[in-house]
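Reader: I'd like a close look at a single part of this model, with the rest of the chain as background. Could you walk me through it?

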Amino acid sequence: MKSTMKMEDRILSVAAFGCYVFALTACGVATYALVTLSLDASGDLGKSLYLTTSQF
C-alpha cells in the first residue's frame, strides 16, 4: 500500500511538472508573439508616418 502511494505521488509530481513546463512555454510563446506583433505594428506606423511627412 505504501509503495502504491509513492508511485501515485511520483505520477502526480511528474504531471504537475509537465503542466508547469507547458504553462511556461505557452507564456513564452504568447509573449514572443505579442512582442513581434508590437514591433511589426510600430515599424509600419513609423514607415507610414515617414511617407506621409515626406509627401508634403
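To start, how many helices and strands does the secondary structure of the chain come to? And then, what is T36 doing, and where is it found?

Author: Sure, and keep in mind that this is a predicted model. The secondary structure comes to one helix and zero strands. That helix, α1, covers residues 2-54, and T36 is found in it.

Now for T36 itself. Its side chain reaches back to the backbone oxygen of Y32, at 2.8 Å. As for cover, T36 has a relative accessible area of 29%, so it counts as partly exposed, the class between under 20% and over 50%.

That fits the background: of the 56 residues of the chain, 0% count as buried. The chain exposes about 5,200 Å², and carbon and sulfur atoms supply 74% of that.

Elsewhere there's a nonpolar surface patch of about 420 Å², made by F17, Y20, V21 and L24. L24, like T36, has its place in helix α1.

Note on methods
Residues numbered from 1 in each chain as written. Predicted model: local features only at pLDDT ≥ 70, side-chain atom pairs only at ≥ 80, totals over all residues. Heavy atoms only, no water. Patch = residues over 30% accessible without salt bridge, like charges linked within 9 Å, V, L, I, M, F, W, Y side chains within 5 Å. Areas by Shrake-Rupley, 256 points an atom, 1.4 Å probe, with all protein chains shown as cover. Salt bridge = Lys/Arg side-chain N within 4 Å of Asp/Glu carboxyl O. Helix = DSSP H or I, 4+ residues; strand = E, 2+ residues; numbered from the N terminus. Buried < 20%, exposed > 50% of the residue type's maximum accessible area, 1.4 Å probe, protein only. Polar contact = N/O pair within 3.5 Å; in protein donor to acceptor, adjacent residues only side chain to side chain.
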